[in-house]
Amino acid sequence: CRLHTHQWCFLLFNIILFHALLFGADFVEEYLLQPYPGTYNDGKVLEIRERARKLDLNVAKDNISKYYTISNPNVCSGRDIFLLSMIFSTPENGTRREEIRKTWANFTEVKGFTVHTLFVLGSSQSGTIQAEVMEESTRHSDIIQGKFIDSASNLTLTMVLTMQWTVTFCPYARFILKTDETMFVNYAAVVEYLLSLRRHPEDLYIGRVIHQEMPNRDPHSSDFVPISQYPDKYFPDYCTGSAFVISQDVARKIFVASAEVKVPVPTDVFIGLCAKKAGVTPTHSFRFSGEKHIRYNNCCYKFIFTSSEMTTEELFLIWKDLNDGKSCTLLETYYGLVACKVLTYLDKFAFFNTGSIKETN
């Protein structure tokens, strides 16, 4: 049957509307949440940037036993590391760390550029677990452990320790990825993106940006932020802490600025406050999932950077599929992204069981 002109127009309108609803928010955010070239007129910003440039790296080296239970200070020695991946873990989750080592972190290079993975954790109050962590570190030499009890309240301390270790013992790593043990990360896609950057990598702070989030003013909440400690209406833009990438110079700036941020806020907001003090603006990329679990599709997962809340079964299935040696065409990638988007939205409304993987291609 033949369609009349108005029917074709109606069909085209619905196709455009479908794509606008599906991808419109991503494209708008990608466009609006981009940093502009900065000029730094604020004296405090200039001071922090100068202090970061001249940072004395011997302080942490001379006090290594004061800060770290396990330091592994030589893992970066003599190596030109392109991407250093720092995965936040908990002492008792040795099984999860082993799963990550066997799946998405089982890379030492991408396109000839070195990738190195480390796990960052606090200390355990259990002597048994602590002994297991020490033995695990001896086997793998990929654990950095701080001299403080691992807990949710100490996550900001873990972040500061991570920045301190990075700038002190791995100062030539070009980029640093911070992520969590609950995540899947596509190293290949991240590295290819970083290699394609048209801008100078200085001041790079990229992830899923949260824009104009208001502080929690409820005094009964654990995230309560008093007006006396943070009077502004909104937090500065920041990247969700589940996964973000910074350049080496930003790690130094955040570490220097962290000594001046005393506001009791979530760790990812803390990094945003430090970045603002150092004149660094986050860049948004929809390829970071944030805290969202993305429903699996092979070509979709070859394009995105991260997905959250991954089960053991998902990790091993995805790792097997992503190493099938096949590349996706532009059309297949497009279809995969549509499939991921639609199914993830359906999951949000509880139409599907989020604990299972359903291949969609």
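Modeller: A salt bridge is a side-chain nitrogen of Lys or Arg within 4 Å of a carboxyl oxygen of Asp or Glu. The model shown here is predicted, with pLDDT of at least 70 needed for local features and 80 or more for side-chain atom pairs, while totals for chains, interfaces and linings use all residues. Residues are numbered from 1 along each chain as its sequence is written, and side-chain values use heavy atoms, without hydrogens and water.

Colleague: Why is the pair Arg-51 and Glu-260 called a salt bridge?

Modeller: The closest N and O atoms of Arg-51 and Glu-260 are 2.9 Å apart, and the cut-off is 4 Å, so the pair qualifies. Arg-51 lies in helix H2 and Glu-260 in the loop between helix H9 (248-258) and helix H10 (267-277), so parts 209 residues apart in sequence are tied together. Helices (H or I, at least four residues) and strands (E, at least two) are DSSP runs, numbered from the N terminus.

Colleague: What makes Arg-51 partly exposed?

Modeller: Its relative accessible area is 34%. Buried means under 20%, exposed over 50% and partly exposed in between (1.4 Å probe, protein chains only), so Arg-51 falls in the middle class. Glu-260, at 26%, is partly exposed too.

Colleague: How do you know that Glu-202 and Arg-49 meet in a salt bridge?

Modeller: Their N to O distance is 3.8 Å, which is within the cut-off. Glu-202 lies in the loop between helix H8 (187-195) and strand E8 (205-210), and Arg-49 in helix H2 (residues 43-53), so this pair ties together parts 153 residues apart in sequence. Arg-49 has 13% relative accessibility and counts as buried, whereas Glu-202 has 40% and counts as partly exposed.

Colleague: What holds for Asp-142 and Arg-101?

Modeller: Their side chains meet in a salt bridge at 2.7 Å, N to O. Asp-142 is in the loop between helix H6 (127-140) and strand E5 (143-149), and Arg-101 is in helix H5 (residues 94-102), so the linked parts are 41 residues apart in sequence. Both residues are buried. Elsewhere, Arg-49, Glu-202, Asp-203, Asp-249 and Lys-253 are joined into one network by salt bridges that share partners. The whole structure has 19 salt bridges.

Colleague: Why is Phe-119 called buried?

Modeller: Phe-119 has 0% relative accessibility, so it counts as buried. This residue lies in strand E4 (residues 113-123). Contact means heavy atoms within 4.5 Å; leaving out residues up to four places away in sequence, Phe-119 touches Ile-87, Ser-89, Arg-97, Ile-100, Arg-101, Asp-142, Ile-143 and Ile-144. Both partners of the Asp-142 and Arg-101 salt bridge are among those neighbours.

Colleague: Is Lys-320 buried or exposed?

Modeller: Lys-320 has 63% relative accessibility, so it counts as exposed. Lys-320 is in helix H12 (residues 312-322), and its C-alpha is 9.8 Å from that of Trp-104, although the two are 216 residues apart in sequence.

Colleague: What makes H7 largely enclosed by the rest of the structure?

Modeller: In H7, 11 of the 15 residues are buried, so the helix is largely enclosed. Among them are Met-163, Trp-165 and Phe-169. H7 (residues 155-169) reaches 21 Å from its first C-alpha to its last, close to the 21 Å expected, where the expected span is 1.5 Å times one less than the number of residues.

Colleague: Which residues have the most contacts inside the largest nonpolar core?

Modeller: They are Leu-84, Met-163, Trp-165, Tyr-205, Ile-246, Val-265 and Ile-271, in a core of 50 residues. A separate second core has 41 residues, including Val-115 and Ile-318. The term covers buried Ala, Val, Leu, Ile, Met, Phe, Trp, Tyr and Cys residues joined through side-chain atoms within 4.5 Å. Not counting neighbours within four places in sequence, Val-265 is in contact with Thr-156, Val-225, Phe-235, Phe-270 and Leu-273.

Colleague: How many helices and strands does the protein have?

Modeller: The protein has 13 helices and 11 strands. Of its 361 residues, 48% are buried. Among contacts with a separation of 6 or more, 79% are between residues 24 or more positions apart.
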